[in-house]
Amino acid sequence: MSRLPCGRSVDDLVAYLVDREEDPDLGAHVAGCPDCAAELAELEARWAAVRQVAVTPVPTPPGLVSRVLAAVHGVRPRPGSPPVEFDQDGGRVSVSERAVLAVCRRLAVDLATRLGLHVRGTAVADGGLQVLVAARYPMPAVAVSEELRAQLAHELRAQLGDAAPVVHVHLIDIG
Ligand SMILES: [Zn+2]
């Protein structure tokens, strides 16, 4: 954890930005500390940029996050759900929804890990593969999430052909 010349950590200041009432001692220190003031100004500018981009381009449908998380926490694909079918090498291949989801999950986690993102959950919902990810501040979280979406869509297409679902990546947490 990186420290300022005054001894306070950058993590302290991030916490202060999130909740200024949390630590009155820190508030009093920050009010009179040029080191903290400079760092805070920079953090605020970067946060503002991240937040603004994060809320504008792809609105996450209401309820989607909780539905995906519910699916992750034990709700299995419907028992009678029809298998996904696609053509491969001249034959018709049938793959269960569960098998498709297993491939999607493994790929999502592999690719996300390489990009430095953490996968919070994956589910097939609202007509596509929904991937919830968390990023560590101050990485360019929005750009990296889009990179994950592009790579995942490409890989799924390569592995599943026409059975590849549309991929949506939702940045649900920047910590
Ligand atoms: Zn300070």
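The following dialogue examines helix H6, strand S3 and the nonpolar core of a predicted model.

Trainee: How are the residues numbered, and which confidence limits apply to this predicted model?

Mentor: Residues are numbered from 1 along each chain as its sequence is written. Because the model is predicted, local features need pLDDT of at least 70 and side-chain atom pairs count only at pLDDT 80 or more, while totals for chains, interfaces and linings use all residues.

Trainee: What makes up the secondary structure of the chain?

Mentor: The chain has six helices and five strands, in the order α-α-α-α-β-β-α-β-β-α-β from the N terminus. Helices (H or I, at least four residues) and strands (E, at least two) are DSSP runs, numbered from the N terminus.

Trainee: How does the span of H6 compare with the expected value?

Mentor: The expected span of a helix is 1.5 Å times one less than its number of residues. H6 (residues 141–160) has 20 residues, with an expected 28 Å, and its first and last C-alpha atoms are 27 Å apart, which is close to that value. Just after H6, Gly 161 has a positive phi of about 55 degrees.

Trainee: Why is Gly 121 called buried?

Mentor: A residue is buried if 20 or more other C-beta atoms lie within 10 Å of its own, exposed if 12 or fewer, and partly exposed in between, with C-beta atoms placed from the backbone. Gly 121 has 20 C-beta neighbours inside 10 Å and therefore counts as buried. Gly 121 belongs to strand S3 (residues 118–125). Buried residues form 23% of the 175 residues in the chain.

Trainee: Which residues of H6 are buried, and how do you know on which side they lie?

Mentor: They are Ala 141, Val 142, Ser 145, Leu 148, Arg 149, Leu 152, Leu 156 and Leu 160. These residues cover an arc of only 110 degrees around the axis, so they lie on the same side of H6. The arc is that of the directions from the helix axis to the C-beta atoms. The face turned away from the buried side carries the exposed residues Ala 143 and Ala 158.

Trainee: What makes a set of residues a nonpolar core, and which element gives the most to the largest one?

Mentor: A nonpolar core is a set of buried Ala, Val, Leu, Ile, Met, Phe, Trp, Tyr and Cys residues joined through C-beta atoms within 7 Å. In the largest core, of 23 residues, those touching the most other members are Ala 108, Val 131, Val 133, Leu 148, Leu 152 and Leu 156. H6 gives the most to this core, with six residues.
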